[in-house]
Amino acid sequence: MSTYAIGDIQGCYDPFMRLLETVQFDPEKDKLMLTGDLINRGPQSLKTLRFITGLGPRALTVLGNHDLTLLAVGSGVIPFKPKHHTFDDILNAPDCTFLLDWLQQCPLMHHDEALGFTLVHAGLHPAWDLNLALSLAAEVESVLRGPEAKRLFEHLYGNIPDTWDPNLTGWDRLRFIVNCFTRMRYCNAAGQLDFSTVHPPEQQESSYPFLPWFRVPNRKNADLNIIFGHWAALEGKTETPKVFALDTGCVWGNCLTALRLEDCRHFTAQCQPTP
Ligand SMILES: [Mn+2]
């Protein structure tokens, strides 16, 4: 039995299938841990989501920003924008309600104590240790699964507040938590996030005052083995022990990456099949 963590699939169903073939994934015995952003931008969101839901408990995913966008569109809070959204196949499917309900039950964070890995879409705020992060994720998850979910989507969007403060309350608190788990890239030692750039750290001006969240000094979750996606421009490199970046930009024409957790071996499938 093996457990494979896989980066952002974003509707790239064919490369996903080639990757599972490469690792000889056995749905009777093996497990998948997915970094989220299962859908959108790529060509086959519906097939991807149906396949993953069909794996039942053998696949576990955390929510990414694109997954939340699908839920917000599905709930009617934000409009479908053909320029940005390629998940109309899901919205028009007869099993749309089932698929969206399934997605809405997914967590923002998963900690596997036995394997010793923690899974998130974008990152863990440097000021959060494991227990705090789990409890903050649970705050959002209970709203997502309850009668206020639509109101959460109405209040979800925005970059403010941008600094962690345990005294945050209400929608501001939930928005900040969601932004950390699903959108964060850069942060500073004061716990402030910056959403203005997606470039990797080596391309930033030397005067740029933020660090990748995983390089902030005295990070409270540095003891964890963290698996994340979201940041394709990193090309899978963090140069930081115990921090595994798995979004290798399949949807941008690069490759999809799997990490076998038992031996930390990497596997990839190219976006285009090799001729
Ligand atoms: Mn993302």
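Which residues are the protein donors of the manganese ion? The points below take this up first, then turn to two helix pairs in what is a predicted model.

1. The manganese ion has as its protein donors Asp37 (OD), Asn65 (OD1), His121 (NE2) and His230 (ND1). These donors lie 2.1 to 2.3 Å from the ion. Along the chain their spacing reads D-x27-N-x55-H-x108-H.

2. Two of the donors, Asn65 and His121, link distant parts of the chain, being 56 residues apart. Asn65 belongs to helix α3 (residues 65-74), while His121 sits in the loop between β5 (117-120) and α6 (130-144). His121 has a relative accessible area of 0%, so it counts as buried.

3. Helix α6 packs with helix α8 (residues 170-182) at an angle of about 115°, and their axes are 10 Å apart. At that angle α6 is roughly perpendicular to α8. The crossing is left-handed. Residues in this contact include Leu136, Val140 and Val143 of α6 and Trp171, Ile177 and Phe181 of α8. By class, the contact has 10 nonpolar and 2 charged residues, with no polar ones.

4. Helix α3, which holds the donor Asn65, packs with helix α5 (residues 96-104) at an angle of about 130°, with the axes 10 Å apart. The two helices are therefore oblique to each other. Their crossing is left-handed. On the α3 side Asp67, Leu70, Leu71 and Gly74 take part, and they meet Leu100, Leu103 and Gln104 in α5. The residues of this contact divide into 4 nonpolar, 2 polar and 1 charged.

Definitions and conventions: Residues numbered from 1 in each chain as written. Predicted model: local features only at pLDDT ≥ 70, side-chain atom pairs only at ≥ 80, totals over all residues. Heavy atoms only, no water. Donors = N, O, S within 2.8 Å, 3.2 Å for Na, K, Ca; no water. Helix = DSSP H or I, 4+ residues; strand = E, 2+ residues; numbered from the N terminus. Buried < 20%, exposed > 50% of the residue type's maximum accessible area, 1.4 Å probe, protein only. Axes fitted to C-alpha atoms, helices over the stretch in contact; angles between N-to-C directions. Parallel < 35°, antiparallel > 145°, perpendicular 65-115°, else oblique. Left-handed = near helix turned anticlockwise from the far one by under 90°. Contact = heavy atoms within 4.5 Å. Nonpolar A, V, L, I, M, F, W, Y, C, P; charged D, E, K, R; others polar.
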